[in-house]
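Work through the following exercises with the sequence and the coordinates open. Each task is followed by a solution in steps.

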Amino acid sequence: MFPNAFKYEAPTSVDEAVRLMTEYGYDSKVLAGGQSLLPMMKLRIAAPAVLIDVNGIQDLKGWREADGKLRIGALVRHAELEHASELDDKYPLLSRTARWIADPPIRNRGTVCGSLVHADPGSDWGAAMIALRAEVEVQGTEGNRLIPIDEFFVDTFATSLNENELAVAVHVPTPGGPVAARYMKLERRAGDFAIAALAVHIVLDSEGRVAEGGIGIGACGPIPLRATKAEEALIGQPITEETIATVSRLVPEDADPADDLRGSAAYKRDLLRVFAARALREIAEELHGRVGNE
Amino acid sequence: MALRQTELRPMGKPIGRKEDPRLIRGKGHYVDDVMLPNMLYLCIVRSPYAHARIRRIDTSAALAAPGVKLVLTGEDLAEMNLAWMPTLAGDQQMVMATGKVLFQYQEVAAVVAETRAQAEDAAQLIEVDYEPLPVVADPFQALAPDAPILREDKEKKSNHIFHWEAGDREETEALFREAPVVVKQNVRFPRVHPAPLEPCGCVSDWDAARNKLTLYVTSQAPHVHRTVLAMVSGLPEHQIHVISPDVGGGFGNKVPVYSGYVVATVASLKLGVPVKWIETRTENIASSHFARDYHMTAEIAAREDGTVLALRVKTVADHGAFDAAADPSKFPAGLFSIVTGSYDFKAAFVEVDGVYTNKAPGGVAYRCSFRVTEAAYLIERVMDILAQRLKMDPAELRLKNFIRKEQFPYHSPTGWVYDSGDYEKTLKLALERIGYEELRKEQAEKRARGELMGIGISTFTEVVGAGPAHQFDIVGIKMFDSAQIRFHPTGKVIARLGVRHQGQGHETTFAQIIAEELGLSADDVLIEEGDTDTAPYGLGTYASRSTPTAGGAAALCARRIREKARKIAAHLLEVGEDDVVWDGVAFSAKGLPGRAVSMKDVAFAAYTNVPEGMEPGLEATYYYNPPNLTFPNGAYIAVVDIDKGTGTVKVRRFLAVDDCGNVINPMIVEGQVHGGLTEGFAIAFMQDIPYDADGNCLAPNLMDYLVPTSVDTPRWETDRTVTPSPHHPIGAKGVGESPNVGSPAAFVNAVVDALSPLGVEHIDMPIFPWKVWNILREHGITE
Amino acid sequence: MNIRVKVNGRLYEADVEPRTLLAYFLREQLNLTGTHIGCDTTTCGACTVLFDGKPIKSCTVLAVQADGHEVMTVEGLESNGQLHPLQSAFWEDHALQCGYCTPGMLMAAYGLLQTNPAPTDEEIREALSGNICRCTGYMNIVKAVQNAARQMAGENQEVIEEAAVSGTSTD
Ligand SMILES: Cc1cc2nc3c(=O)[nH]c(=O)nc-3n(C[C@H](O)[C@H](O)[C@H](O)COP(=O)(O)OP(=O)(O)OC[C@H]3O[C@@H](n4cnc5c(N)ncnc54)[C@H](O)[C@@H]3O)c2cc1C
Ligand code: FES
Ligand code: FES
């Protein structure tokens, strides 16, 4: 119930944080919202010798829109995006996802970037950022780089971040047309990680066809996954009953769930199918007022 | 504020709670809030294996760690003859393991250090060399002839603990032979845990100068804890002072004596300073005692018209590594034989076999009166199966078979004498309030459209208030309870009781009982419980026994005081005792209007102006041995809708009509019902402590042992009928547990009802969405 | 490490070990034992306090992280010996039984009413979903928060009306 003893550092700039990460290397851990790291330290599953608390770094706070992207700073908490109604028009998936994460007090602390770097396969942001085709901006001693989300998750609790790289922001492309999104999640209990989750993000072109479509799968594999086949079947199509039927049937094909206490793999696959159909139907109704037929 | 605490005649009124002002200010005083000078902290090292021989324990690194004052192992305790302690069920339990461990998370060693964190640091440094042994995690496997013997300490070389039966085997067999209809069902009541929000813990404080041990402990039964501690430790009982301060919920979890209490006490005795042990939530769920884990098979013999004839039940009870049930001594399966429920069976025969497995020990009475929940769930479940087979409406089947009002006192085929009830009235009220007929119509329409809606009924009978002392004892101590009331000269009262509340509101309800009897307001009466040095001896609060036992004691004790008060009043009114009339708030002189004295006047006189020859003072103690148990009952109805796509069950409505006899405080009764229903809901839909084949506990914390939040919990509707208990001094029956006992069957019956067109007759709890989805998939139903 | 933290409006300076969790700092170093601990997995919410005005779980924040910040605990709800409307409502509506969850519930509810003074039942349930109560079944808690919200709205109303009458403005 009590973390191991550690050395505590509280840098106030990104450079200082990166310097400390380089200095302490593997012995250190970055502390952001602490809502995954501290629970693990309390159970002594994690026992870093040094904690680098980045909460005092002003540059990591807040979000801004520029160059066709929304840049979400590493210290933006889940709750901030949940309540940012000014983002709802262009980035509806953000608040729709945020409200499903853990519970309100945890959302007041936990950060979007922390959730991504933690790389829990059940991370709700993981599925959502896949759907949004986001990029993670990281900074190390060598400077800055952008990692596309599809290259970011490597394995359960493992990312392509280098040991001394700090995630400083996540970038979400600004949509170029009418947009709608749904986040679908089934939990065993409110606040629990997902049994299965699906993020669906749709941008229409001027003819009402899907210009950009992203479908992210949560809790159904070693990492958050992309429903590639389903996306291929969706992009360029109008959202009709036929499209919905095809796409929802294809979504589980890219999932890789396991049998566990939350349910069987077959069950989770079927949840994804049901979620996809429901999400697309709701999105069609939102964007077109109804679901059409071909 | 509508708290009404100063009103006279408070009985039956929704008086605001007297315990709340401190609790809403954060000024409650729970065990972990006890901070004493020089206090040290205890951390327990637990076994990662479910069954293993301990080859060697190396404590040297821990002993050398910063802040460490003491390290103890089972061997150290064995030297003091303290390695084992008795369980309340008459078995022995290891305080810390010697020789081998029998369940995962079993206590193996302990560290005492200056801070909690240091204790934990050092605990990690203890090295234990284990030799894993074959694990028996399944109770049926435990009974196999070639199963490894788990309890080598026992004379009997078998994993079988006890066989217990009730009822009449021959008569039951005979009825089954003739019966035209027989239904049979295997029903599992999962392993669950009370998980009160405050975990268990203690501060043990040995004062060598005063030769006194003070134990602050999370206890539902402080007197029993003191007696057990005296028996285990050899310390004289009067030199042990057990204080159970504010308790953050118990639900049966805080009845037993846990290893941590004993080890903290040994440590305090050795070190001469206070030692605190607070278990973590993981320790709470994985090692402190669980509940249920009953594997039951029930058969009903009936006529074609639905009249029930006989009931036959066979049960395998998984007790884990030690039989640590908190049942009364003569009842190894508790009051499970109440399983004939609210129905007039001609005969019944019930058997239970207790079994050891490599799992945490138990089982406690989780918000229920010793296995009554298992019994109520079973009978209410199989009655529905019978209705389904006979194509009868489940309400109609129940109405047909109820014990009728005029049959009370009713002698049940397993030997109980039910005190009172009007089951038909209670069910009919429930059916009317929920709009049963309209719901059935709606269901028919929905079914025609392929939608899945279900209605579930449970009309349970409980048996609570243990108990008559000739039948019930715990470790030999008869199950009476007690009250002591003292009037002070200004007319204010302090009353102490032998029970210990954990949120039930005794400080208010017992004040109401006493105030009602003595013409006072609840404000005039201060209730104290939980301190063994001041309170009269009692057996504690669990099994809904406080109102039936201590509540009775409080009323009778107050009446004892009133008798003396009447004599003093006669003296003050200058009339003969026979001419004194008590009207509920004052004594007056018969035929002399205007001449009256209040209890306050009498109390003052008791210290200042007693009649010649009378002993001064105004106080009394009453040890109440109830003549019988009480039998609360109710009719619960659940309405559910099933999401075909995900298998999720939504509880659309839930109505609980309870009959708990006379009500002391309707607001508190309603609160108890809300809470119990929520726990029943959790059991029906979320809770289970599964173990894998290696005996690993798979839900040892609140991440996986699911406790419903405000979002998950349905909205509750409540109502009641009042059939007073004829033998209880104030006609009350106890209610704290009815909703937890009665509701699981209503939920499950509703889900099965929704799926009954598919031929589904039973689903074992907890009804996770995937279970429903599996059934739907088998029948080709999908969204 | 030395920290300066404002708790319930009062500034404390204290020496803490970096690994000390805020909940234990409040309970054991400041003696504010109203903040409870009910789990080891950040699930139960018994430890909920306000951190810079927002509810958080104090078992999952380090005391050193509170350096330079403001914390409010259940002990800070009362002002001038007057119960906060939430406290009174919890009492009147029987929103507590054992009381162990109550401080956390009060703080989570307080946090909600700061940002949403007139919540729906559903919003209250959502806001309290990180706080487990094993006793009450939540019905009376939701009712109490509703009543407190109404009470507080009434109070604000009075203040505004008074301000209008006296012709002063707080802007
Ligand atoms: C009870 C409970 C329930 C939860 N339920 C859910 C849920 O339903 N869905 C969900 O998605 N999540 C859930 N979470 C996790 C929660 O969302 C966490 O907030 C999140 O996973 C981690 O974010 P954080 O900011 O708290 O990261 P931290 O705990 O501070 O850090 C997590 C890891 O990431 C590293 N890290 C953090 N930030 C950076 C950075 N900027 N650069 C480099 N490394 C970094 C840390 O070193 C650490 O290894 C739950 C947590 C709890 C305790
Ligand atoms: S103690 Fe349970 S969430 Fe903090
Ligand atoms: S009142 Fe006991 S946990 Fe809420």
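**Exercise 1. Chain B as a whole**

Task: determine what share of the 783 residues of chain B is buried, and how the radius of gyration of chain B compares with the globule rule.

Solution. Step 1: 68% of the 783 residues in chain B count as buried, where buried means under 20% relative accessible area, exposed over 50%, and partly exposed in between (1.4 Å probe, protein chains only). The model is predicted: local features need pLDDT of at least 70, side-chain atom pairs count only at pLDDT 80 or more, and totals for chains, interfaces and linings use all residues. Residues are numbered from 1 along each chain as its sequence is written, chains are lettered from A and ligands numbered from 1 in the order in which they are written, and side-chain values use heavy atoms, with hydrogens and water left out.

Step 2: chain B contains 19 helices and 33 strands; helices (H or I, at least four residues) and strands (E, at least two) are DSSP runs numbered from the N terminus. The radius of gyration of chain B is 27 Å, close to the 28 Å from the globule rule for 783 residues, so chain B is as compact as a globular protein of that length. This radius is taken over C-alpha atoms, and the rule is 2.2 Å times the number of residues to the power 0.38.

Step 3: along the principal axes, the C-alpha atoms of chain B fill a box of roughly 85 × 75 × 50 Å. Among contacts (heavy atoms within 4.5 Å) in chain B between residues at least 6 apart in sequence, 80% join residues at least 24 apart.

**Exercise 2. Two cis bonds and a threonine in chain B**

Task: find where P409(B) and P766(B) are placed, and decide whether T214(B) is buried or exposed.

Solution. Step 1: F408(B) and P409(B) are joined by a cis peptide bond with omega near -5°. P409(B) sits in the loop between helix 11 (394-401) and strand 19 (410-411) of chain B.

Step 2: the bond from M765(B) to P766(B) is also cis, with omega about -10°. P766(B) belongs to the loop between helix 18 (738-755) and helix 19 (769-778).

Step 3: T214(B) is part of strand 12 (residues 212-217). Its relative accessible area is 10%, so T214(B) is buried. Leaving out residues up to four places away in sequence, T214(B) touches V203(B), S204(B), D205(B), H241(B) and I243(B).

**Exercise 3. The shell around ligand 1**

Task: establish which chains surround ligand 1 and which element gives the most to its shell.

Solution. Step 1: ligand 1 is surrounded by 33 residues, the closest being V30(A), G34(A), L37(A), T111(A) and D124(A); a residue is near if one of its heavy atoms lies within 4 Å. Chains A, B and C all supply residues, so the site is shared between chains.

Step 2: the shell comprises 14 nonpolar, 15 polar and four charged residues. Here Ala, Val, Leu, Ile, Met, Phe, Trp, Tyr, Cys and Pro count as nonpolar, Asp, Glu, Lys and Arg as charged, and the others, Gly among them, as polar.

Step 3: list the polar contacts (pairs of N or O atoms within 3.5 Å). Oxygen atoms of ligand 1 lie 3.4 Å from a side-chain N or O atom of K29(A), 2.7 Å from a backbone N or O atom of G34(A) and 2.6 Å from a side-chain N or O atom of T111(A).

Step 4: ligand 1 taken alone exposes 960 Å², of which the protein buries 96%; areas come from the Shrake-Rupley method with a 1.4 Å probe. Strand 2 (28-31), helix 6 (112-118) and strand 10 (166-173) of chain A each give two or more residues to the shell. Helix 6 of chain A gives the most, with four residues.

**Exercise 4. Two loop residues in chain C**

Task: decide whether T35(C) and N80(C) are buried or exposed.

Solution. Step 1: T35(C) is located in the loop between helix 1 (22-29) and strand 3 (48-51) of chain C. With a relative accessible area of 2%, T35(C) is buried.

Step 2: N80(C) is in the loop between strand 5 (70-72) and helix 2 (85-92). Its phi is positive, about 50°, although N80(C) is not a glycine. At 81% relative accessibility, N80(C) counts as exposed.

Terms used. Polar contact = N/O pair within 3.5 Å; in protein donor to acceptor, adjacent residues only side chain to side chain.
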